[in-house]
Amino acid sequence: MAQAQNTSDFGHKVIFLYPDFPGHGDVFKDLRDNEYELYFLKNYRDAKSVLREFKNSICIVYADDSGAKRKMINFIVSCAKDDSVNTTLFYLLVDELSAKEKKALELAQNCYQGMIALNSKTPFLIQSIKQTLEGKNAKGRRQYVRVSCANDRGAMMLAELNGRIYKFKMQDISIVGSACTVEERFASVFTKGTLIPSVTLIFDKKQISVGEVAVYAVFPSNGLAKLVLLFKNALFGENKDFVHKYIAESFESDINAIIKSHPRDEEDYSKAFAEGESEDK
């Protein structure tokens, strides 16, 4: 069940359902800057399809009025009863919860983790959300978010070593490093521990000079050599923002692909609560 995942070494994807709450722009910028793996859903009818694909995620659900809270509480209870999605850790981002709303959520104890109070002072809201994510070890062992760019034909790297320029195909990217592939005959040139004095990333119609890079590991990979490269200095400023934007767009593409390939949820979540129904009438 969900509680067994709280101390996962592998961290959790963080999904915001209805991500248009007050102050969301500053909240998301701060979370990206702090390397949380963020995804966004604008319609609850797509949520179960995504949660089935993204097991053990943290889902923060914003509800701005009593009608929205009713739907989202019923939605969370429904997820708690569904073995295909009940590893999700749910939080409600709301002003408050009434006694009957809290009672209804008792049916979702295996999934529902608690309420995050909306705060008009955005720095305090950011602090609350980050404390919540830290409490669930959302990053796990990963301290930096990376994304695959294996299918991005234009994602390349130029490495200058001993007066020669080598061209790598980037396989993934983060602000601190990249995995790349190179022809196997060049594996002896880029052995573990090799320092490459000058490297340029080329992707998404932009070039980024990252300076010195170290070869952290080398693996054979389908007739090629896979190099794990660490930047001497993490990307910062506009280059960091650019990579974070590239990662965010890739995650959005992943979400959209799931949504397009699955039917929408047609369950009625506006019905009366299964618990506390007499108080609700």
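**Cysteines, nonpolar cores and aromatic pairs**

In this predicted model, the sulfur of Cys149 lies 7.6 Å from the closest cysteine sulfur, that of Cys180, which is too far for a bond. Cys149 is buried, its relative accessible area being 1%. For Cys111 the closest cysteine sulfur belongs to Cys79, at 6.9 Å, again too far for a bond. Cys111 is likewise buried, with a relative accessible area of 0%. Because a disulfide requires sulfur atoms within 2.5 Å, neither the 7.6 Å separation of Cys149 and Cys180 nor the 6.9 Å separation of Cys111 and Cys79 qualifies. Across the whole structure, the search returns 0 disulfides.

The largest nonpolar core comprises 68 residues, and within this core the members touching the most others are Phe75, Leu92, Phe168 and Leu201. Beyond its neighbours within four places in sequence, Phe168 is in contact with Met156, Met157, Ala159, Cys180, Thr181, Val182, Phe190, Ile196, Leu227 and Leu229. A second core, separate from the largest, has 21 residues, among them Val14, Ile60, Tyr62 and Ala138. In soluble globular proteins, nonpolar side chains tend to be buried together.

Aromatic pairs number 16. One of these, Phe16 with Phe40, is stacked, with a centre-to-centre distance of 6.2 Å and 25° between the planes. Phe16 belongs to strand 1 (residues 14-17) and Phe40 to strand 2 (residues 38-41), so this pair ties together parts that are 24 residues apart in sequence. Phe16 is buried, at a relative accessible area of 1%, whereas Phe40 is partly exposed, at 25%. The pair formed by Tyr166 and Phe186 is edge-to-face, since the ring centres are 5.2 Å apart and the planes stand at 75°. Tyr166 is located in strand 8 (residues 164-173), and Phe186 in the loop between strand 9 (177-183) and strand 10 (195-203); the pair therefore ties together parts that are 20 residues apart in sequence. Both rings belong to buried residues, with relative accessibility of 10% for Tyr166 and 11% for Phe186.

Phe16 and Phe40 also take part in a cluster, in which ring pairs link them with Phe21, Phe28 and Tyr62. Tyr62 is in addition a member of the second core.

Two lysines are positioned over aromatic rings. The charged end of Lys139 sits over the ring of Tyr36, at 5.0 Å from the ring centre. Lys206 lies over the face of Phe242, 5.3 Å from the centre of that ring.

Note on methods
Residues are numbered from 1 along each chain as its sequence is written. This is a predicted model: local features need pLDDT of at least 70, side-chain atom pairs count only at pLDDT 80 or more; totals for chains, interfaces and linings use all residues. Side-chain values use heavy atoms; hydrogens and water are left out. Buried means under 20% relative accessible area, exposed over 50%, partly exposed in between (1.4 Å probe, protein chains only). A nonpolar core is a set of buried Ala, Val, Leu, Ile, Met, Phe, Trp, Tyr and Cys residues joined through side-chain atoms within 4.5 Å. Contact means heavy atoms within 4.5 Å. Rings of Phe, Tyr and Trp (its six-membered ring) pair if their centres lie within 6.5 Å; planes under 30 degrees apart count as stacked, over 60 as edge-to-face and the rest as tilted. Helices (H or I, at least four residues) and strands (E, at least two) are DSSP runs, numbered from the N terminus. A charge sits over a ring if NZ of Lys or CZ of Arg is within 6 Å of the ring centre and within 35 degrees of the ring normal.
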